[in-house]
Every structure is written in structure tokens, then in C-alpha cells.
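Visitor: I would like a close look at a single part of this model, taken slowly and with the contacts spelled out. Please choose one residue as the starting point and work outwards from there.

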Amino acid sequence: MSVAQAIILGVLFCFCRMGILYTWPKNIPLFGALLIGIVLGDVPQAMIIGAAIQAIYMGVIQPGGNIPTDQVLATFIALPIAIQSNLSPEVAVTLAVPVGLLGVLLDYIRRTVNAAWVHMADKYAENANANGVIRAHFLYPTLALIPIYIIPVTIAIYLGPTAVQNFMDFVPDWIMTGLQVAGGILPALGFAITISVIGKKGILPYFILGFFLFQYAQQVNTIAFALLGIFMAFMHITFTNNKTSEETGSI
């Protein structure tokens with residue numbers, strides 16, 4: 001991998017991680033895998049590995065804005081290493097889990113540093129310095145991403161598995177054991193959250209219908225089922241909202 005590719009991936013990681021365009025699903029492994037595949041010139045393999053990483057983060061939520069794991073960092077570190085080293089998707093997943101959990105530490109560092117800009121903006125506001133408030137809100141937090149995110153991620157991607165492994169060896173065993181235990185819970189947690197949504201009384205009939213259609217309609221592919229699911233979801237929301245509006249109007 002060239003230095004330019006590593007820098008591009010470091011910048012793209014920051015773009016995906018920070019939510020610059022809110023309407024794009026860019027903070028999921030599959031979207032990151034697409035970008036990584038384009039940069040490294042191997043989109044098919046990147047998407048295969050990205051799908052494996054995506055599976056372990058299904059249903060992961062951020063309660064109160066606190067991330068339980070950094071799936072974006074896990075993707076941008078594990079996936080390039082897997083492509084360069086010709087690792088299987090299963091091996092890439094084992095690397096992604098601890099890296100994703102270590103990414104939470106970087107997020108805490110970023111939030112701690114950003115707290116300084118808030119107090120700085122307060123002082124600028126007291127002096128009616130609008131330009132200072134704008135700098136504290138946009139410029140300084142953006143520049144802080146360079147040493148916190150872009151440089152470490154770029155170095156890790158460029159140096160490859162050796163650098164990551166050396167860092168892992170530097171971390172005490174009890175921390176790594178805790179991260180591995182927590183990482184092992186993530187797949188079960190993701191599927192449990194998904195099942196808890198499916199198990200709601202108002203949605204359960206759709207799940208049963210989809211199960212039987214998938215079992216007996218052998219000639220229909222997955223894409224057709226996905227389109228049917230989107231249509232049924234739209235119809236469910238439409239009729240549910242109409243019923244709620246009628247009940248509200250009658251009151």
C-alpha cells in the first residue's frame with residue numbers, strides 16, 4: 001500500500017466517522033468497505049469482508065450518544081489489512097472486534113478535547129466575538145481530528161498488521177481479555193435487538209409471512225423479498241398513521 005492510499009483512507013475514515021452528510025449511511029461497515037475497495041482497487045473482496053464485519057454490528061445502537069464500539073474504525077483498520085494479507089472474512093472479523101472497541105477510547109479522547117472548544121466559545125460569546133465562536137465550533141474541532149483520528153489511522157493502515165499487532169501486545173492482557181469478552185457479546189446483542197423489534201405484536205405477522213414466503217417461494221430471490229418488505233413497511237406506516245389520525249380527530 002502506498003502512503004497516498006493510506007492518507008486517503010485516513011481522511012475517508014474521518015469523513016465516515018464524523019457524520020458530515022447525515023443522509024448517507026456512511027457509518028456502516030458496508031459503505032466503508034465500498035470506499036476502501038475503490039481506493040485499494042479490489043471492490044468485490046472488500047464488499048465480501050465488509051459484509052462479514054457488518055453482520056456482527058447488526059442492531060448496534062448508541063444510547064445517549066455513547067458508542068459501545070466503533071464499527072467505522074473496525075472496518076477501516078481490519079479490512080485493508082485483510083485485503084493486503086489475503087485474510088479470510090472470518091479472520092478479519094476477529095481483528096475488527098478488538099479494534100472497534102479500542103476505537104471507543106479514541107472517541108473519548110476526541111470528546112474530552114472538544115470540551116475545551118466549548119469553554120473557548122463561551123468566552124468568545126461573552127466578548128461578542130462571532131468569528132471566534134464560529135472557529136471554536138467548526139475550525140478547531142476539525143483540526144483536532146488530524147492528530148486524534150487521521151494520523152493514527154493512517155499510520156495503522158500503512159504499517160499494516162505488524163503495527164496493529166505490536167500495539168495489541170503493548171496493551172495489558174487484562175484489558176485485551178475484557179475487550180475480547182465484550183466483543184464476543186456484540187453479535188448476540190445485535191441479533192437480540194433485531195429480534196426484539198421483530199417480536200412486537202404489530203410487526204410479528206409480517207415476520208411470519210416473510211418466513212413462510214422465503215421457505216416456500218423458492219423461485220423468488222432475496223432482492224425481490226427486500227422490495228416486498230419495503231412496500232409492506234410503507235403500507236403499514238401509512239395505514240397506522242391514518243388510523244392514529246382518525247382516532248385523534250374523533251377525540
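Guide: In this predicted model, a suitable starting point is Thr-75, which has a relative accessible area of 1% and is therefore counted as buried, the cut-off for that class being under 20%. Thr-75 belongs to helix α4, which covers residues 71-85, and a polar atom of the Thr-75 side chain lies 2.8 Å from the backbone oxygen of Gln-71. If residues up to four places away in sequence are set aside, the residues that Thr-75 touches are Pro-29, Gly-32, Ala-33, Ile-36, Ile-53 and Pro-80.

Pro-80 also leads on to the packing of the helix, as Pro-80 is one of the α4 residues in the contact between α1 and α4. Two packed helices are described by the angle between their axes and the distance between the axes. Helix α1, residues 3-18, packs with α4 at an angle of about 155 degrees, and their axes are 9 Å apart; because angles over 145 degrees count as roughly antiparallel, the pair α1 and α4 is assigned to that class. The crossing of these two helices, α1 and α4, is right-handed. On the α1 side the contact is made by Leu-9, Leu-12, Phe-13, Cys-16 and Arg-17, while α4 contributes Val-72, Leu-73, Phe-76 and Pro-80. Sorted by class, the residues in this contact of α1 with α4 are eight nonpolar and one charged, with no polar residues.

Notes. Residues numbered from 1 in each chain as written. Predicted model: local features only at pLDDT ≥ 70, side-chain atom pairs only at ≥ 80, totals over all residues. Heavy atoms only, no water. Helix = DSSP H or I, 4+ residues; strand = E, 2+ residues; numbered from the N terminus. Buried < 20%, exposed > 50% of the residue type's maximum accessible area, 1.4 Å probe, protein only. Polar contact = N/O pair within 3.5 Å; in protein donor to acceptor, adjacent residues only side chain to side chain. Contact = heavy atoms within 4.5 Å. Axes fitted to C-alpha atoms, helices over the stretch in contact; angles between N-to-C directions. Parallel < 35°, antiparallel > 145°, perpendicular 65-115°, else oblique. Left-handed = near helix turned anticlockwise from the far one by under 90°. Nonpolar A, V, L, I, M, F, W, Y, C, P; charged D, E, K, R; others polar.
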